[in-house]
Amino acid sequence: MPNNGRFMVGLVGVAAVVTYLIWTGVSETMVYYLTPVELIERFEEDPSFREVAVKVSGEVVPESYRKGQGELEHHFEIVDLEDETATFPVRYVGILPDTFNDAPDMLTEAIIEGRFEEGTFEATLLLTKCGSRFEASKEQLHDQMQLQEQMPADHIG
Amino acid sequence: MNIVGELALWTALPVAVWGMALGFMGGRNGRGDLVLSAERAVYATLGLSFLASLGVIDLFLNDRFDYWYPAAYSSRDLGTFFKVSGLWAGQRGSLLFWLLLLNVFSAIAVWSNRRKNREFMPYVIGVLMTIQTFFLVVLLFAEVNPFERLGFTVADGQGMNPQLQNYWMTIHPPTLYLGFTAFTIPFAFAISALLTGRLDSRWITVTRKWILLSWFFLSNGIVFGMRWAYEELGWGGYWFWDPVENASLLPWLTATAFLHSIQIQETRGMLKVWNMGLVIGTFLLTIFATFLTRSGLIESVHTFAENLTIAWIFLGFMFASAAVGLVLVLYRLPKLRSESRIESFLSRESAFLFNNLVLVAATFAVMWGTLLPLLSEGFMGQEIAVGPPFFNRVNLPIGLFLLFLMGVGPVIAWRKASARNLRKNFVWPTSVGLGTGAILWAIGIRHGMALLTFATSAFVMTTIVVEFWKGTRARARIEGEGWLKAFYHLIARNRRRWGGYIVHVGVVMIFTAFAGAPWNTDIEQTLEPGQSAEITSPFGHTYRLTYEGLSTNINDRAQNLRWQLVALMSVEQEGERVGTVQPEKRQYFVGGNRDPNTGNATEVGIRATPYEDLYVILASVPQIETGMSLNDPSAQQAHFRIMIKPLVGLIWSGIMVLSVGGLIGLWPATEKPRAAKSSPGGRRAVAAAGD
Amino acid sequence: MEILGALLLIGAVVAYLLLPILKGETALLHRDFEEITEAEARRRIALLALRDAEYDYHMGKVDQADYTKLKGRLAAEALEAIRAVDGVDDADLEREIALVRAGMRDGRACGSCGHLNPPGSRFCAACGLALAPPTPAGSA
């Protein structure tokens, strides 16, 4: 194994630098990753938590989408995947992802990052679950089949 | 066909188990008949998985919506090409596809070694069959059988998401899978080496081309994904440090390290334990990559739906493989002793070692960042996450250091570089590097990281160009060949080395492209037909984009489009007309009874030049929603986001250069050794050619 | 109909797998002449390194002094590896000798112990014996 002193110094040096980068990287850029339920709980415990940058994953409330004044301003509501009572409004400025959808029968999962400002979550990041990974369950397909049997043949439009 | 396919899948399981058992038994007891049967099992499972895959494709092509998988991913109006790609579109099919590719490579490995490496092969077959058994068990027993029936028939399937109906998205997963599965072969040989005790560099020499092949596919697969994200997602970015992206990057990082460290084991007989760790680790990371994508454990917009059964099975397999690897390495530790030592900090061995160190450090950092939510929840009870700022902060310096090493490694001497050697070989590259940095500073570039990247790139390119120059000149002189011929023969005689240099050129191009990011420009503007927007490129010139108008395409059944809006914009550069861009918004028929809005797609308009991309997004057409007639000019008012992305084209051209280099390295040696040629410079050792 | 197809498929696979065992056919288990032994692998690598060193010298990457030192070491390793190999055929051996002799032109390989000495030496630095007079350029 290496018997050269300078070599060991170099090795240890690189390892130290990388460790430092990871350590400071995490502590300076980390965000709490919460569900809406957890976020609301946190506020109740600690009101100043409202100022903190967080990442929230939840579901888009069906039919909650409204266009804002600006061209790229969007409003919608996000709700917890499990607890329907945990919900709050979101405002996002930017280009809406193509997979964003607030249709009632579509479960659109969304990930937002940002912070609260006067009751509305100001999102700097909005990602919606890639639709390709949405897998209709057997039950959903069964329901659909029954619906189709009752509907006229042309179901487009 | 699909019945045959389903049966074939079930049959494959006992055959794989048979091959596994007989491979190990035959190897242990020296039973050639058992080994032959095991070899046949490898070919048999190939045939069976092929039949199973055909069966699944048959389900799609025949709109068999009494089966779950096509009902969930296909629809009657889906194009044939995409129906076929349905095989790997969803979780289940992609597992079968993985198995198919694994079978193809296993069969090739067994066939090409039917007369060679015989001490290794029985155990290689045993290992490969064990892994195949695992995948078959998952497919058949973890609720992910692609042949699962619904018990009823749906009139039409759910359809394939339009974002998947894109060339890059279709070839991206298969290419990555080719990379992942190809790496199973070196892993199998490594385990075989541990089991048989043949731990010199022979197992490496034998699998070197497989390692390069895997790396080649992984590199391309990752860049295809970047291309897709860039063109389809429409945000102007190509890499987001998303968990699934990271998962595919991890084995690439360790495979890159491995590609370099095996050279040290081959030439100096060192790093044997390290290489074992890397090959086992890379294999585990390939399984981990697919595990992360399927288990739903990390939130990502790419993950398949959560399936805990699969998560546990994969986790179990990874632990078992890691444990087996660890035990074997510990058991063979005496035979894995190093044959020599690093003699100097300034040597090629040292450069390679640093290369390995930083690549593994980057792997660790990316893994840490990706798993942070899971780890923090487990250990702290509170989930925290990090995003691009973290990953960039850690990986940019590492990337820069790696870039630097690319210039140092190939040029510095083995064992111990003398001061003379350093002076001789690094004077020019260092001058060019520093000079480039100075010139760029002088013209106003102040961004530290970018400046360093450009300067180091110039440094590396100089070393490579000088190598080619000197090599060609030496060869031309010695062999008396013309320069062109000398160049060709230079590369042909030592493909690994010169192919590797070309790969480095590709990497330099890609890193340079990354360094263009600080100069990304973007503006937003709402325009009516006839109006223009102007954007100035960091290179100094100004573009003027004039919105000519909106054209529509309604109910285009042939292309599966519910509607399509195309904004035509003419582009002028410094007053001269240079072309057009056509950003679009589309909505597809997606089949089934889904809400129309699910089929949305934004098609970005890109005008690409070698030095920058003009990237235009049709963000919204506000009046369309109010139902205004398009004849009304104000109805065509559109909001645009216009961006300039400097140097991005270098990524796509860089991967092509990398691929050329990789192909050169992969090309089989066909020349016979020649007799040494008489010449004033002395006899040549060309007999030893054959890389 | 499908049952028949199924049985045929399974039957074919089973037969395919079991026949070698039943008939006593065997796969190759031991290496044959194409096999790379450990020693041959070493030899190949040693010769490749020597070739690379030659190239580097002619490319001007290493200068005379470094080259000679490197060459001495590599040629000695190569010789050792060559000796360890069994069953080397004559054509190969010819080439290898040519290679070593090329080394001899610039440095001087000792006739008895094989150690490569710097040019101009009269006695071997390893075993102390007198070195043979230098061979004329261009001869085998």
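This is a guided tour of a predicted model, stop by stop, with a selection to make at each one.

**Stop 1: confidence in chain A**

Colour chain A by pLDDT. The mean is 78. Of the residues in chain A, 78% reach 70 or more. Now select residues 152-157 of chain A. Here pLDDT stays under 50. For this stretch the model has 6 contacts beyond four places in sequence.

**Stop 2: where the two chains pair**

Select residues 31-34 of chain A, which form strand 1 of that chain. Add residues 384-385 of chain B, which form strand 1 of chain B. The two strands pair in the antiparallel sense, over 2 bridges. To see one partnership, pick A:Tyr32; its bridge partner in strand 1 of chain B is B:Ile384.

Keep strand 1 of chain A selected and add strand 2 of chain A, residues 54-60. Strand 1 and strand 2 of chain A run parallel, joined by 3 bridges. Label A:Leu34. Its bridge partner in strand 2 of chain A is A:Val56.

**Stop 3: onward through chain A**

Stay on A:Val56 and look for its partner in another strand. Which residue of strand 6 of chain A is the bridge partner of A:Val56? It is A:Ile112. Select residues 109-117 of chain A to show the whole of strand 6. Strand 2 and strand 6 of chain A run antiparallel, with 6 bridges between them.

Next, add strand 7 of chain A, residues 120-128. Strand 6 and strand 7 of chain A pair in the antiparallel sense over 8 bridges. They form a hairpin, with 2 residues between the strands. Select A:Glu118 in the turn and check its backbone: phi is positive, at about 50°.

Just beside the turn, A:Glu117 stands opposite A:Thr120 in strand 7 of chain A. Centre on A:Thr120, which lies in strand 7 of chain A. Which residues does A:Thr120 contact, leaving aside its neighbours within four places in sequence? They are A:Pro89, A:Val90, A:Arg91 and A:Arg115. For a distance check, pick the C-alpha atoms of A:Thr120 and A:His75. They are 45 residues apart along the chain, and 9.5 Å separates the two atoms.

**Stop 4: the first two helices of chain B**

Move to chain B. Select residues 2-29, helix 1, and residues 32-61, helix 2. Their axes come within 7 Å and cross at roughly 160°. Angles over 145 degrees count as roughly antiparallel, so helix 1 and helix 2 of chain B are roughly antiparallel to each other. The crossing of helix 1 of chain B with helix 2 of chain B is left-handed. Colour the contact by residue class: 18 nonpolar, 10 polar and 1 charged.

**Stop 5: helix 7 of chain B and two partners**

Select helix 7 of chain B, residues 121-141, then helix 13 of chain B, residues 308-331. The axes come within 11 Å and cross at roughly 170°. That crossing angle makes helix 7 of chain B roughly antiparallel to helix 13 of chain B. The two helices pass in a right-handed crossing. Show side chains for B:Ile131, B:Phe134, B:Phe135 and B:Val138 on helix 7 of chain B. On helix 13 of chain B, show B:Ile310, B:Ile313, B:Phe314 and B:Phe317. By class, this contact has 8 nonpolar residues, with no polar and no charged ones.

Now swap helix 13 for helix 9 of chain B, residues 184-196. The axes of helix 7 and helix 9 of chain B come within 8 Å and cross at roughly 130°. This makes helix 7 of chain B oblique to helix 9 of chain B. The crossing is again described as right-handed. On the helix 7 side of chain B, contact residues include B:Met121, B:Tyr123 and B:Ile131. On the helix 9 side of chain B they include B:Phe187, B:Phe189 and B:Leu195. The class count for helix 7 with helix 9 of chain B is 12 nonpolar, 3 polar and no charged residues.

**Stop 6: a sheet in chain B**

Finish on an open sheet of 4 strands in chain B, ordered 2-11-10-9, with antiparallel pairing. Select strand 2 (521-527) and strand 9 (605-608) of chain B, which stand at the edges. Each has a single partner strand, so one side of each is left without a neighbour in the sheet. From one strand to the next, the twist averages 15°.

Add strand 11 of chain B, residues 638-646. It runs antiparallel to strand 2 of chain B, and 7 bridges join the two. Last pick: B:Gln525, whose bridge partner in strand 11 of chain B is B:Phe640.

Notes
Residues numbered from 1 in each chain as written. Chains lettered and ligands numbered in written order. Predicted model: local features only at pLDDT ≥ 70, side-chain atom pairs only at ≥ 80, totals over all residues. Heavy atoms only, no water. Axes fitted to C-alpha atoms, helices over the stretch in contact; angles between N-to-C directions. Parallel < 35°, antiparallel > 145°, perpendicular 65-115°, else oblique. Left-handed = near helix turned anticlockwise from the far one by under 90°. Nonpolar A, V, L, I, M, F, W, Y, C, P; charged D, E, K, R; others polar. pLDDT = per-residue confidence, 0-100. Contact = heavy atoms within 4.5 Å. Pairing = 2+ DSSP bridges.
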